[in-house]
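Here is a friendly walk through one protein model, meant to be read with the structure open beside you. Let us begin with a question about one residue and then work outwards.

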Amino acid sequence: MRFITAALLAASVFGATAAQAEMKLTSKDLVAGKTMADAQVFNSFGCSGKNISPELTWSGAPEGTKSFAIMAYDPDAPTGSGWWHWSVFNIPADTAKIATGASGDKKLPAGTVEGHTDFGTSGYGGACPPAGDKPHHYQFTVYALSVDKLPLPDTAPAAMVGFYVRANTLDKASVEVTYGR
């Protein structure tokens with residue numbers, strides 16, 4: 001091979017450096033691959049959950065992270081474009097946890113913004129798939145961002161938040177759960 005990248009050359013000449021930690025997302029309220037608890041299920045549209053936003057804890061954010069965002073999405077919703085259940089952005093870079101029930105109760109870190117969900121309001125909107133559908137998948141993702149703030153109001157729809165989030169993502173980690181009725 002005639003061409004060697006600078007990273008390979010540096011690793012071979014100076015010795016490989018420790019690999020950067022992989023970003024991870026965990027939750028005491030959401031168990032990957034398992035059914036979502038009623039506490040995180042919506043309380044309307046025929047669902048009778050408690051609509052409490054889940055606890056989320058993350059680690060391994062890359063160097064250069066200036067803020068975080070959280071998005072919760074159901075790709076199985078029968079809309080042709082999925083369903084956005086939560087969008088949270090401008091989470092300060094020194095944050096590594098969002099408490100259970102933080103949405104809407106002023107428990108989010110100062111400066112954090114919750115955008116609109118597909119329910120048409122800001123804040124967490126839990127799972128509520130149509131009755132009789134096979135269980136839907138709910139993806140909770142935390143994004144490490146390269147910017148301090150996204151230039152969006154709290155009325156921004158989740159698709160717009162997602163556009164800005166993805167344009168500024170350094171790394172991400174997800175937990176996926178299911179729910180059906």
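Which residue in E7 does Tyr73 stand opposite? The partner is Gln139. Please keep in mind that this is a predicted model.

**Strand E3 and its partners**

Tyr73 is one of four residues that point one way from E3, the others being Ser67, Ala69 and Met71. Phe68, Ile70, Ala72 and Asp74 point the other way. Both sets are buried. With eight of its eight residues buried, E3 is largely enclosed by the rest of the structure.

E3 pairs with E4 through seven bridges, and the two strands run antiparallel. Within that pairing, Ile70 has Val88 in E4 as its bridge partner. E3 is also joined to E7 by seven bridges, again in the antiparallel sense. In general, the strands of a sheet pair through backbone hydrogen bonds, parallel or antiparallel.

**Two residues to click on**

Ile70 is a good place to look at contacts beyond its neighbours in sequence. Leaving out residues up to four places away, Ile70 touches Leu56, Trp58, Trp86, Ser87, Val88, Ile91, Ile98, Thr141 and Val142.

Ser87, one of those contacts, lies in strand E4, residues 83–92. Is Ser87 buried or exposed? Its relative accessibility is 0%, so Ser87 counts as buried. With the same sequence neighbours set aside, Ser87 touches Ile70, Met71, Val113, Glu114, Gly115, His116, Ala158 and Val161.

**The nonpolar cores**

The largest nonpolar core has 30 residues, and those that touch the most other members are Met36, Trp58, Ile70, Trp86, Phe140 and Val142. The strands in the table each supply at least two residues of this core.

| Strand | Residues |
|---|---|
| E3 | 67–74 |
| E7 | 136–145 |
| E8 | 169–179 |

E2 and E4 likewise each supply at least two residues. Apart from this core lies another, of 14 residues, including Phe89, Ala156, Ala158 and Val165. As a general point, nonpolar side chains in soluble globular proteins tend to be buried together.

**A three-stranded open sheet**

Now turn to the open sheet of three strands, whose order is E1-E2-E5 with antiparallel pairing. E1 (24–26) and E5 (97–98) stand at the edges with a single partner strand each, so one side of each has no neighbour in the sheet. E2, residues 56–59, pairs with E5 over two bridges in the antiparallel sense. Thr57 has Lys97 in E5 as its bridge partner.

Further along the chain, Pro109 lies in the loop between E5 and strand E6 (113–114). How many Å separate the C-alpha atoms of Pro109 and Ile98? The separation is 8.3 Å, for residues 11 apart along the chain. Pro109 touches Ile98, and also Ile91, Pro92 and Thr95, not counting residues up to four places away in sequence.

**The largest pocket**

Finally, have a look at the largest pocket, which holds about 150 Å³ of space. It is lined by 14 residues, and the closest to its centre are Pro78, Trp83, Cys128, Pro129 and Pro130. E4 and E7 are the elements that give two or more residues to this lining. By type, the lining divides into nine nonpolar residues, three polar and two charged.

Definitions and conventions. Residues are numbered from 1 along each chain as its sequence is written. This is a predicted model: local features need pLDDT of at least 70, side-chain atom pairs count only at pLDDT 80 or more; totals for chains, interfaces and linings use all residues. Side-chain values use heavy atoms; hydrogens and water are left out. Two strands pair if DSSP finds at least two bridges between them. Buried means under 20% relative accessible area, exposed over 50%, partly exposed in between (1.4 Å probe, protein chains only). Contact means heavy atoms within 4.5 Å. A nonpolar core is a set of buried Ala, Val, Leu, Ile, Met, Phe, Trp, Tyr and Cys residues joined through side-chain atoms within 4.5 Å. On a 1 Å grid over the protein atoms alone, a cavity is a set of points where a 1.4 Å probe fits but cannot get out, and a pocket is an open set with protein on both sides within 12 Å along at least five of seven lines; lining residues have an atom within 4 Å of a point. Grid points are joined across faces, edges and corners, and a volume is the space filled by probe spheres set on the points. Ala, Val, Leu, Ile, Met, Phe, Trp, Tyr, Cys and Pro count as nonpolar, Asp, Glu, Lys and Arg as charged, and the others, Gly among them, as polar.
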